[in-house]
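Reader: Hi! Could you walk me through this one? I'd like to start with how the helices sit against each other.

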Amino acid sequence: MPLTNTLLTQFHMPQTNTQKPESALTVTGLTCIRDDRTLFKGLGFSLQPGQALQIEGPNGSGKTTILRILCGLTLPTEGEVLWNNLPIEENRTDYMAAMDFIGHAHGIKKELTPLENLQVAMAMANTHAAQSIEGVLEQVGLRGFEDVPAITLSAGQCRRVALGRLLLSKSLLWILDEPFTALDVQGQAQIESMLVNHVEQGGMVILTSHHPLALKDGMLKTINLRP
Amino acid sequence: MSEASLFNAFYTVLKRDLTLAYRTRTEMVNPMLFFIIVISLFPLAVSPDPKVLQSLAPGVIWVAALLATLLSLDSMFRSDFDDGALEQMLLSVHPVSVIVLGKVLAHWMVTGIPLLILSPLLAVLLHMPSDSIPALMTTLALGGPILSLVGAIGVALTVGLRRGGVLLSLLILPLYIPVLIFAANAVSNAAAGLAIAGQLYFLGALLALALTLAPVATAAALRISLR
């Protein structure tokens, strides 16, 4: 039995998570300087299971940069990102198994079908989903589009495929860069309920968006970046 | 992490890249056509005299193979970089070097093997003695994967640059020199009826070295490029 699987099931049970407060993301003293311009300085927060973090700010204020730092793709000028009290570089396998990132470029290959795209994503994440890929595609409203190349899909439909990846994986932490872009009103509502559901079931969500999330007090944190 | 899931990731990446190559097969033909055209220019430009062509043949075929590979290298990570699929690969639970190895193997199967298959035909065109054709194919079989593996490091370093083409050639061509020397020398010796075991051992050693070190170096280079 793969080690990561046991870890994943652990992460997915909110009861165990609340008993173990260390299953959390902690950020301390995060500073990012780009081309002599300070994007943010001394940023710190911590996120527990069952909490969402919304990062707001005008264009160019460093929202995407924060998300990339939280994923470990970009290195901060100063500061540390800790997962379960360990720096994410030292804890890479655990962190990658517990985290899912959908960036502005969502990584859907135009030449592959939605089904093939999600199959690749599953092999990368090493998950064995509770539901079938076809089921997930139906859930994100792409029934009947399983076997057409993604190049024939609209931008919104491609984004739905990417968001379908979240339903397939059993990740605890979702890091999403503007997840509502290109989606229609119904799609936005659907994704929002997906996010709220995930948080209420003990998951964690970090997103950049101006879209207000319907979460109870104490479940939603907000960071506002001012240039 | 179990070995089965690691192999599954490797196999999925290989299958994915081969599917992508098949669906964009017009791009795949370009290096092959380049290889054929460059070689068929020599009898026109230098001399149609069989003696002259015979002495030039090993070098000409190898230089053409090297340039054809260089031409095809950029596509290895370019589209994945543009659409965000590369980020997802770096955020996979699996070691990035294993994913890279799958991509390099796919690249070699798509560009290296066609060159290998075409080479006897072009050897006949340049009046190479038939005894030296097996030697030519052996050197291409051993040297081709080295070209893809070493090339991957260069592409990974330059993928973030807008116009990395010339820089890529400057980075990679010097590293190709040992392969070129041993391979072309082996084919010339075979044509002269001399032993070629020594050169083949060197090529084998270089292949072993590239196979073990290049994926790790490529993975590190990709991390730097995506920062």
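Author: Happy to. First a convention: axes are lines fitted to C-alpha atoms, for helices over the stretch in contact, and angles run from 0 to 180 degrees between N-to-C directions. Helices (H or I, at least four residues) and strands (E, at least two) are DSSP runs, numbered from the N terminus. This is a predicted model, where local features need pLDDT of at least 70 and side-chain atom pairs count only at pLDDT 80 or more, while totals for chains, interfaces and linings use all residues. Residues are numbered from 1 along each chain as its sequence is written, and chains are lettered from A and ligands numbered from 1 in the order in which they are written.

Reader: Good. At what angle do α8(B) and α9(B) cross?

Author: Roughly 150 degrees, and their axes come within 9 Å. Helix α8(B) covers residues 165-191 and helix α9(B) residues 197-225. The pair is therefore roughly antiparallel, a label for angles over 145 degrees (under 35 is roughly parallel, 65 to 115 roughly perpendicular, and the rest oblique).

Reader: And which residues make the contact between them?

Author: From α8(B), Pro178(B), Val179(B), Phe182(B), Ala183(B), Asn185(B) and Ala186(B); from α9(B), Gln199(B), Leu200(B), Phe202(B), Leu203(B) and Leu206(B). Two residues are in contact if their C-beta atoms, placed from the backbone, lie within 7 Å. By class there are 9 nonpolar, 2 polar and no charged residues. Ala, Val, Leu, Ile, Met, Phe, Trp, Tyr, Cys and Pro count as nonpolar, Asp, Glu, Lys and Arg as charged, and the others, Gly among them, as polar.

Reader: Switching to chain A: how many helices and strands?

Author: Chain A has 8 helices and 9 strands. Of its 227 residues, 42% are buried, that is, with 20 or more other C-beta atoms within 10 Å of their own (exposed is 12 or fewer, partly exposed in between; C-beta atoms are placed from the backbone).

Reader: How many residues of α7(A) are buried?

Author: 11 of 14, among them Arg159(A), Val161(A) and Leu168(A). Those buried residues pack against β6, α5, α6, β7 and α8 of chain A.

Reader: Last one: how many residues does each chain give to the contact between A and B?

Author: Chain A gives 25 residues and chain B gives 24. On the chain A side, α1, α4 and α5 each give two or more residues, and α5(A) has the largest share, with 5. That side divides into 16 nonpolar, 7 polar and 2 charged residues.
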